[in-house]
Amino acid sequence: MQMRMVRPTLPLLMVLAAMLTGCALITKAPPVANAGPDVTVRIGERVSHDGSGSVDLDGGKIVYYKWYVTVAPEGREDQVGQVLREGPDAATWTSDRPVGEEELGEWVIELWVTDDEGQSATDDMTLKVIR
Ligand SMILES: [Ca+2]
């Protein structure tokens with residue numbers, strides 16, 4: 001009599017356990033960074049960055065944005081690692097000054113985001129500076 005009760009209950013418990021495990025994973029999902037589309041600008045123009053497409057998959061919040069150079073044109077390698085902008089409000093921003101002759105070439109700018117659980121993700125965009 002008891003065996004009959006156990007048989008259907010065990011798979012049910014396994015399903016419940018799987019659901020609970022799944023929920024636990026979902027509540028701790030890391031964010032997904034989105035550095036926006038690649039951009040080409042001419043000398044004399046300002047560069048706008050848009051990381052507002054970044055999301056925290058579990059419905060949490062992105063609490064910190066950091067933009068930095070990962071690839072610089074030849075001769076400007078000293079700029080690699082330079083932080084361009086960071087902070088809780090740095091999702092979108094425009095450069096403080098127009099790009100100059102010295103910035104000619106192809107740059108890769110990485111966006112690093114952190115969510116309210118301290119988990120992080122990165123994405124990058126290519127910035128081309130032309131004449
Ligand atoms: Ca999260």
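1. Let me start with V113, a good residue to click on first. Setting aside its neighbours within four places in sequence, V113 is in contact with P31, A33, G51, S54, I62, Y64, Y65, S120 and A121. Please keep in mind as you look around that this is a predicted model.

2. V113 also turns up in the largest nonpolar core, which has 14 residues. Within that core, V113 belongs with A33, Y65, I109 and L111 to the group that touches the most other members. Two or more core residues come from each of strand 5 (62–71), strand 8 (105–115) and strand 9 (120–130). The biggest contribution is that of strand 8, which supplies five residues.

3. Now to the sheet that holds these strands. Five strands make up an open sheet, ordered 2-9-8-5-6, with mixed pairing. At its edges are strand 2 (39–42) and strand 6 (83–87), each of which pairs on one side only. From one strand to the next, the twist averages 20 degrees. As a general reminder, the strands of a sheet pair through backbone hydrogen bonds, in either the parallel or the antiparallel sense.

4. Which sense does the pairing of strand 8 and strand 9 take, and over how many bridges? These two strands pair in the antiparallel sense, over ten bridges. If you want one pair to display, take E110, whose bridge partner in strand 9 is D124.

5. On the other side of the order, strand 5 and strand 8 also run antiparallel, and eight bridges join them. Here Y64 is a handy marker: its bridge partner in strand 8 is T114. Y64 is also among the contacts of V113.

6. Strand 5 pairs with strand 6 as well, again in the antiparallel sense, over four bridges. The residue to look for is Y65, which has G87 as its bridge partner in strand 6. Y65 appears in the core too, among the residues that touch the most other members.

7. V71 is worth a look of its own. This residue sits in strand 5. Is V71 buried or exposed? V71 counts as partly exposed, because it has 17 C-beta neighbours inside 10 Å, while a residue needs 20 or more to be buried. Leaving out neighbours within four places in sequence, V71 is in contact with V80, W107 and V108. The C-alpha atoms of V71 and E106 are separated by 7.9 Å, although the two residues are 35 residues apart along the chain.

8. A little further along, E74 lies in the loop between strand 5 and strand 6. E74 has 7 C-beta neighbours inside 10 Å, so this residue counts as exposed. What separates the C-alpha atoms of E74 and G105 in space? The separation is 8.1 Å, for residues 31 apart along the chain.

9. Finally, the chain as a whole. Its secondary structure comes to one helix and nine strands, and from the N terminus on the order is α-β-β-β-β-β-β-β-β-β. Of the 131 residues, 16% count as buried. Among contacts with a separation of 6 or more, 65% are between residues 24 or more positions apart. The pairs V71 and E106, 35 residues apart, and E74 and G105, 31 residues apart, give you two places to inspect along the chain.

Technical notes. Residues numbered from 1 in each chain as written. Predicted model: local features only at pLDDT ≥ 70, side-chain atom pairs only at ≥ 80, totals over all residues. Core = buried A, V, L, I, M, F, W, Y, C linked by C-beta atoms within 7 Å. Buried ≥ 20, exposed ≤ 12 C-beta atoms within 10 Å, placed from the backbone. Contact = placed C-beta atoms within 7 Å. Pairing = 2+ DSSP bridges. Axes fitted to C-alpha atoms, helices over the stretch in contact; angles between N-to-C directions.
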